[in-house]
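Q: I'd like a close look at one part of this model: the salt bridges. Take me through who pairs with whom, how covered the partners are, and then what the aromatic rings add to the picture.

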Amino acid sequence: MVQPAAHVPDVKVALSTASVYPESTATAFEIAARLGYDGVEVMVWTDPVSQDIEALRRLSDFHGVPVLAVHAPCLLITQRVWSTDPWVKLQRARQAAERLGASTVVVHPPFRWQRNYARDFVRGVWRMADETDVRFAVENMFPWRYRDREMLAYAPDWDPTQDDYRHFTIDLSHTATSRTDTLAMVDRMGDRLGHVHIADGNGSNKDEHLVPGRGTQPCAELLERLGRNGFDGHVVVEVNTRRAMSAAERETDLAEALAYTRLNLGSAAMGGASASPQGQR
């Protein structure tokens with residue numbers, strides 16, 4: 001009896017432009033094209049190209065690499081990028097996503113000192129989500145720790161599942177840093193999980209963003225679950241390659257991350273065993 005062909009999930013795997021830092025946004029498009037990523041997530045930050053919609057469109061067209069998501073400028077180093085008003089930042093991120101054909105805007109919860117923004121954040125994100133087909137996917141963060149001290153830097157909460165949002169982003173480096181049960185968080189997100197930052201970590205105080213498979217997070221298990229359950233969002237490789245000694249080493253890490261992600265997304269179709277291009281580390 002002929003067995004039906006296995007179905008490999010049609011989940012797009014994108015490269016975050018942050019994954020090539022300290023190289024440029026333009027370099028991220030070039031690497032994504034060379035390695036065969038399905039697209040990029042643009043981290044809007046201090047690189048002027050990341051803030052310029054027309055420059056991003058030209059890069060996308062030249063390399064044949066679509067922009068699948070836009071990460072709004074929510075970091076400490078991007079407090080003045082696009083505006084000092086956080087709502088203006090989100091509006092411009094939405095406009096960029098709409099003009100570039102991206103389906104998702106990734107946004108962090110506010111910092112606690114952004115009191116007015118934090119007070120209206122949940123309602124405001126719903127209002128913005130009602131005005132567009134672009135998903136506003138709120139990302140899980142983590143407490144800030146120094147030695148034995150812990151500071152809750154985000155409001156309403158670093159764990160977005162404590163509030164009501166239409167869509168979530170889960171970041172597995174952040175679950176490691178917050179020492180959260182990743183799969184339990186995924187369960188709380190349920191069908192509102194709209195976007196994934198795949199990375200790894202060992203539960204240290206630092207946000208490590210390791211290549212998936214090099215830490216303690218259930219990266220393979222999550223990817224297999226997404227592939228099995230018909231996940232309709234994107235998976236974005238967001239790893240730290242700052243310590244790469246050369247461009248070749250950086251590309252090797254990013255190629256490994258892409259292979260790991262695709263293999264584990266398709267592992268249910270291949271019999272259910274978690275897969276890794278070089279074995280689990």
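**Salt bridges, then rings**

A: Let's start with glutamate 30, which counts as partly exposed at 36% relative accessibility. Keep in mind that this is a predicted model. Its partner is arginine 34, and the closest N and O atoms of this salt bridge are 3.1 Å apart. Arginine 34 is partly exposed too, with a relative accessible area of 46%; that value stays below the 50% you'd have to pass to be called exposed. Both residues sit in helix α1 (residues 25-35), four residues apart, or about one turn of the helix.

Helix α8 (residues 219-228) has a pair with that kind of spacing: arginine 228 and glutamate 224 are four residues apart there, so about one helical turn separates them. Their side chains meet in a salt bridge at 3.4 Å, N to O. Glutamate 224 is buried, with a relative accessible area of 14%, because anything under 20% gets that label. Sharing of partners also turns up: salt bridges join Glu30, Arg34 and Glu251 into one network.

Now for a pair that isn't local in sequence. Arginine 166 bridges to aspartate 130, with the closest N and O atoms 2.5 Å apart. This one links distant parts of the chain, 36 residues apart: arginine 166 is in the loop between β7 and β8 (167-171), and aspartate 130 is in the loop between α5 (121-129) and β5 (135-139). Aspartate 130 is exposed at 54% relative accessible area, whereas arginine 166 is partly exposed at 30%. Overall, the count comes to 18 salt bridges.

On to the rings, where the count is 12 aromatic pairs. Tryptophan 87 and tyrosine 117 make an edge-to-face pair, 4.9 Å centre to centre with 85 degrees between the planes. Tryptophan 87 is in helix α3 (residues 86-100) and tyrosine 117 in helix α4 (residues 115-119), so the contact ties together parts that are 30 residues apart in sequence. Tyrosine 117 is buried, at 8% relative accessible area. Phenylalanine 111 and tryptophan 113, on the other hand, are stacked: 4.7 Å between centres and 5 degrees between planes. Here phenylalanine 111 is buried at 4%, while tryptophan 113 is partly exposed at 44%. Trp113 also helps make a nonpolar surface patch of about 430 Å², along with Leu76, Ile77 and Met151.

Back with the edge-to-face pair, ring pairs link Trp87 and Tyr117 with Phe121, Tyr165 and Phe168 into a cluster.

Technical notes:
Residues numbered from 1 in each chain as written. Predicted model: local features only at pLDDT ≥ 70, side-chain atom pairs only at ≥ 80, totals over all residues. Heavy atoms only, no water. Patch = residues over 30% accessible without salt bridge, like charges linked within 9 Å, V, L, I, M, F, W, Y side chains within 5 Å. Areas by Shrake-Rupley, 256 points an atom, 1.4 Å probe, with all protein chains shown as cover. Salt bridge = Lys/Arg side-chain N within 4 Å of Asp/Glu carboxyl O. Phe/Tyr/Trp six-rings, centres within 6.5 Å; stacked < 30°, edge-to-face > 60°. Helix = DSSP H or I, 4+ residues; strand = E, 2+ residues; numbered from the N terminus. Buried < 20%, exposed > 50% of the residue type's maximum accessible area, 1.4 Å probe, protein only.
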